[in-house]
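Could you look over this entry alongside the notes below and tell me where your own reading departs from mine?

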Amino acid sequence: MTHRRDFVTKLPLALFGASMATTFGTGAFAQDARTVTVAFPMDILSWDPVSLNPTQSAVIKCVYDQPLELAPDLKFAPSVVSDFKWLDTTCTLLELNFRDGVTFHNGDKLTSADFKFSFFDRPRAQKASLLAGVWSAIEAIDTPTPLKAVVKFSAPMAIAPVMFADIPAYILPKAYYEKVGKDGFEARPIGSGPYKLVEYQRDQRIVLEAYGNYWRGAAKVKRLVFQVTKDPTARAAAMQAGQADLTMNIPVREAERLGALPGLAPHLDATTGVVFLQMANKGLLTDKNVRLACHHAIDKAAISKALFGGHATAVYMPAGPGFPAYVPDFKIAFDPEKAKALLAASGYNPANPAKLNFYTSKGVFASDFDTARVIVQMWQKVGIEVNLQVLDSPTLYEYQRTGKFDGPVLKPFNPAAGDPGTYSGYMLDPKMSFSIWKGEDIPPKLYPLMGEPDDDKRIAGFKAFDMWQVEQGYSIPLFLGLSTIVAKKSLGFKPYKSGILIPYSWA
């Protein structure tokens, strides 16, 4: 069997081109202006994109196409689907027409058969995956021609077009995947995206080269090196030393400091993401008083000022200004005395504190660990004693998938288009792997909204639903996502509201 670490040595050297990208400190990337090195905060989970997060999407979107794409302003952009339309008035039959001439990296043409394989066959073969959860409503996909597909949903799914531009919606090559199998595909993945993989060393680096026959034209950046650098301090140091052209997910103060250096620019942009605490209905968190005390004890404005230079926008529901389901007047007040009273009503006080496990990452998104530590201090002041546990991304995902969380979890959630169905519609659906709170009272309120074809009614319903679920303490929204990026001015970096890096757009 060929292992991932053998990928470089097992492939012909000619595949990698004349000049191999190197690790930090060599300066090799500077010898070719068309090579870009990114100090990247994490490795990908897998080259089979059934489960991933928005940060990892920066790499995955280079290799694979999605059926639909979003422009920086979140409107639909040119994609491998040339046009789409609903064939009924209940949003259960969606017709997609594919662009002719799109090819995978091995030269095979992309057809409707590949779409059906990616969104019907694979979810049913990997039933525990994020892919299967998101697309469980697909009942059938007909492929009347190689460039036409008709998707039949078991219930109205008005958000389907948006979801075809979100994660994990990627098209894989049916014939190649079936020929080499899952292990073979992960060892040598191919897609139809703007870049092809030429080198992969687990937890070290990923090297991509521009695909010359990409349907939108070859990317201007010819070689991408994602240097896996999990420590945000090390990522900042790489930028300062000139060993990287771009880095991300660093503290705001570091971004501002680095951005003031010659040739560098900071990019501090609010995104469609929401940073929040997911609650688990286990242990003390089954008590509504404890859940609400956790919320009232958090001073979001103070955290934004202290850790994000005031750039982080506090939110009280999983929507912010400009989002369809945003309710400007809804707020859960910072009120430590109310938090203490709620705890006292359930028998907790400084002498008998409520004890919780609290889970966070470190360096996965900007100031995640520091945010968690500040929340711990705020909770301690009202009588909540915390055992803070730091987990890496694979472990966080595994805990979520297997239901191991027994306390609050600090997480980012970043659907691309800001539609409420892609926020609460997934993070609170007990059938989804996203969901940590598994509540029996959720489906009767949520499921009708997920199938509401009238967009005005759907949005109004989600406004009411989100106010209700936050008032129950099922989640604690904290801030809109904040993209903290420092890039060389010469790179031509362009931010997207989704917060996902799109190297194809760089000049």
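The points below go through the nonpolar cores, one helix, one loop residue and one strand residue of this predicted model.

1. On the nonpolar cores, the largest has 146 residues, and those that touch the most other members are Trp47, Trp135, Trp379, Tyr426, Leu501 and Trp506. The largest share of this core, 7 residues, is supplied by strand 16, which covers residues 475–488. Apart from this there is a second, separate core of 10 residues, with Met239, Ala244, Leu264 and Val486 among them. As general background, nonpolar side chains in soluble globular proteins tend to be buried together.

2. Trp47 deserves a closer look, and its contacts can be listed once residues up to four places away in sequence are set aside. Trp47 then touches Val59, Ile60, Val63, Tyr64, Phe185, Glu186, Pro189, Leu197, Tyr200 and Ile206.

3. Helix 13, which spans residues 393–402, has Ser393, Leu396 and Gln400 as buried residues. Viewed down the axis of helix 13, the buried residues fall within an arc of 65°, and they therefore line one face of the helix. The cover over these buried residues includes strand 12 (264–278) and strand 15 (409–413). Just after helix 13 comes Gly403, which takes a positive phi of about 70°.

4. Is Ser361 buried or exposed? Although Ser361 sits in the loop between strand 13 (354–360) and helix 12 (368–382), it is buried, because its relative accessible area of 2% is under the 20% limit used for that term. The side chain of Ser361 makes a polar contact with the side chain of Asp368, at 2.7 Å. When neighbours within four places in sequence are left aside, Ser361 is in contact with Asp368, Phe369, Val390, Leu391 and Leu396. This links the loop residue to point 3, since Leu396, one of the contacts of Ser361, is also one of the buried residues of helix 13.

5. Ala140 lies in strand 6, residues 138–145, and is described as partly exposed because its relative accessible area is 23%, whereas buried would require a value under 20%. Not counting residues up to four places away in sequence, Ala140 touches Phe120, Val150, Val151 and Lys152. Ser51 is 89 residues from Ala140 along the chain, and the C-alpha atoms of Ala140 and Ser51 are separated by 22 Å.

Notes
Residues numbered from 1 in each chain as written. Predicted model: local features only at pLDDT ≥ 70, side-chain atom pairs only at ≥ 80, totals over all residues. Heavy atoms only, no water. Helix = DSSP H or I, 4+ residues; strand = E, 2+ residues; numbered from the N terminus. Buried < 20%, exposed > 50% of the residue type's maximum accessible area, 1.4 Å probe, protein only. Contact = heavy atoms within 4.5 Å. Arc of directions from axis to C-beta. Polar contact = N/O pair within 3.5 Å; in protein donor to acceptor, adjacent residues only side chain to side chain. Core = buried A, V, L, I, M, F, W, Y, C linked by side-chain atoms within 4.5 Å.
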